[in-house]
Amino acid sequence: MPEAAETRTRGPYRTGVRRREQLIGIAMDVFGEHGFAGGSLRTIAEQAGVNHATLIQHFGSKEGLLTAVLEEWDRRTVENGLIDVSGLDYFRRLPEVMAAHRDNRGLLELFTTIAAEASSPAHPGHAFITQRYTSNLATLAGHLQEAVEAGDIVHLSPAQIEIEVRLFTAVMDGMGLQWLLDPETDIHASVTTYVERAVAAWGGR
């Protein structure tokens, strides 16, 4: 009897998870095209073939849906090759991570759009974007410090490391934007060139 009850529970649960993933995917497209302000819940619901109440049931609010979308973008970015690397290898993997956006243009468009909009503290995505940048800078700094401690590069002070990782972040964001504006941009070669120059400047090998 308990086993049968568990089986009945799993079916609806899996269906709910798939439905939630579908809604997030549609919201990604809508927010990516129209931004948060222009992307309405009505449009998302119509494209998903559900009513407004279904979206609220899954995400609580439009802001909750936006957070779910941004979290999904973040998860996919990390899974594109950054899970099992550290130190200088982390930086050397970044060209592949950036190149992977070519298969997910909508996600990069979404993040770029929301990041710009969320510069305002009043934007519902402000806290998420701020935290993501803080976390990303800390992750880069950690890997650069690891490279210093391993003797793979010359000594860099905490202040120098902070500058280097901010430059890295600026290059990644900038190259992503340039590619969105001009798909002919060789994003992989450009980021590879920057990584190689940075590692050389750090005395890396």
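Here are some numbered notes on a few helices and loop residues in this structure.

1. Before anything else, keep in mind that what you're looking at is a predicted model.

2. Let's start with α2, which runs over residues 41–48. Its buried residues are Leu41, Ile44, Ala45 and Ala48. Look down the axis of α2 and you'll find these buried residues within an arc of 95°, so they line one face of the helix. The general idea is handy here: an α-helix has 3.6 residues a turn, so residues three or four places apart point the same way. Now turn to the face of α2 that points away from the buried side, and you'll meet the exposed residues Arg42, Glu46 and Gln47. Right behind α2 comes Gly49, with a positive phi near 75°.

3. Next is α3, residues 52–59. Which of its residues are buried? They are Thr54, Leu55 and Phe59. These cover an arc of only 105° around the axis, which puts them on the same side of α3. The face turned away from that buried side carries Ala53 and Gln57, both exposed.

4. Have a look at the two ends of α3 as well. At the N-terminal end, Asn51 acts as a cap: one of its side-chain oxygens sits 3.2 Å from the backbone nitrogen of Ala53. Just after α3 you'll find Gly60, whose phi is positive, at about 85°.

5. Helix α4 covers residues 62–79, and Gly64 is part of it. Gly64 is partly exposed, with a relative accessible area of 21%; the cut-off for buried is under 20%. In sequence, Gly64 and Pro124 are 60 residues apart, but their C-alpha atoms are 8.9 Å apart in space.

6. Glu72 also belongs to α4. Is Glu72 buried or exposed? With a relative accessibility of 15%, Glu72 counts as buried, because the line is drawn at under 20%. Leaving aside residues up to four places away in sequence, Glu72 touches Ile24 and Met28.

7. Now for a pair of helices. As a rule, two packed helices are described by the angle between their axes and the distance between the axes. For α6 (residues 105–117) and α7 (residues 126–149), the axes come within 9 Å and cross at roughly 105°. That makes α6 roughly perpendicular to α7. On the α6 side, the contact is made by Phe111, Ile114 and Ala115; on the α7 side, by Ile129, Arg132 and Tyr133. Sort the residues of this contact by type and you get five nonpolar, no polar and one charged.

8. The loop between α6 and α7 deserves a look too, and Ala118 is one of its residues. Ala118 is buried, at 3% relative accessibility. If you skip residues up to four places away in sequence, Ala118 touches His123, Gly125, His126 and Ile129. Ile129 is also one of the α7 residues in the contact with α6. As for Met172, it comes 54 residues apart from Ala118 along the chain, and the C-alpha atoms of the two are separated by 18 Å.

9. His123 is in that loop between α6 and α7 as well. What does His123 touch, not counting residues up to four places away in sequence? The list is Phe36, Leu66, Ile114, Glu117 and Ala118. His123 is buried, with a relative accessible area of 12%. You've already met Ile114, one of the α6 residues in the contact with α7.

How values were computed
Residues are numbered from 1 along each chain as its sequence is written. This is a predicted model: local features need pLDDT of at least 70, side-chain atom pairs count only at pLDDT 80 or more; totals for chains, interfaces and linings use all residues. Side-chain values use heavy atoms; hydrogens and water are left out. Axes are lines fitted to C-alpha atoms, for helices over the stretch in contact, and angles run from 0 to 180 degrees between N-to-C directions. Helices (H or I, at least four residues) and strands (E, at least two) are DSSP runs, numbered from the N terminus. Angles under 35 degrees count as roughly parallel, over 145 as roughly antiparallel, 65 to 115 as roughly perpendicular and the rest as oblique. Contact means heavy atoms within 4.5 Å. Ala, Val, Leu, Ile, Met, Phe, Trp, Tyr, Cys and Pro count as nonpolar, Asp, Glu, Lys and Arg as charged, and the others, Gly among them, as polar. Buried means under 20% relative accessible area, exposed over 50%, partly exposed in between (1.4 Å probe, protein chains only). The arc is that of the directions from the helix axis to the C-beta atoms. A polar contact is a pair of N or O atoms within 3.5 Å; within protein, one must be able to donate a hydrogen and the other to accept it, and residues adjacent in sequence count only if both atoms are side-chain atoms.
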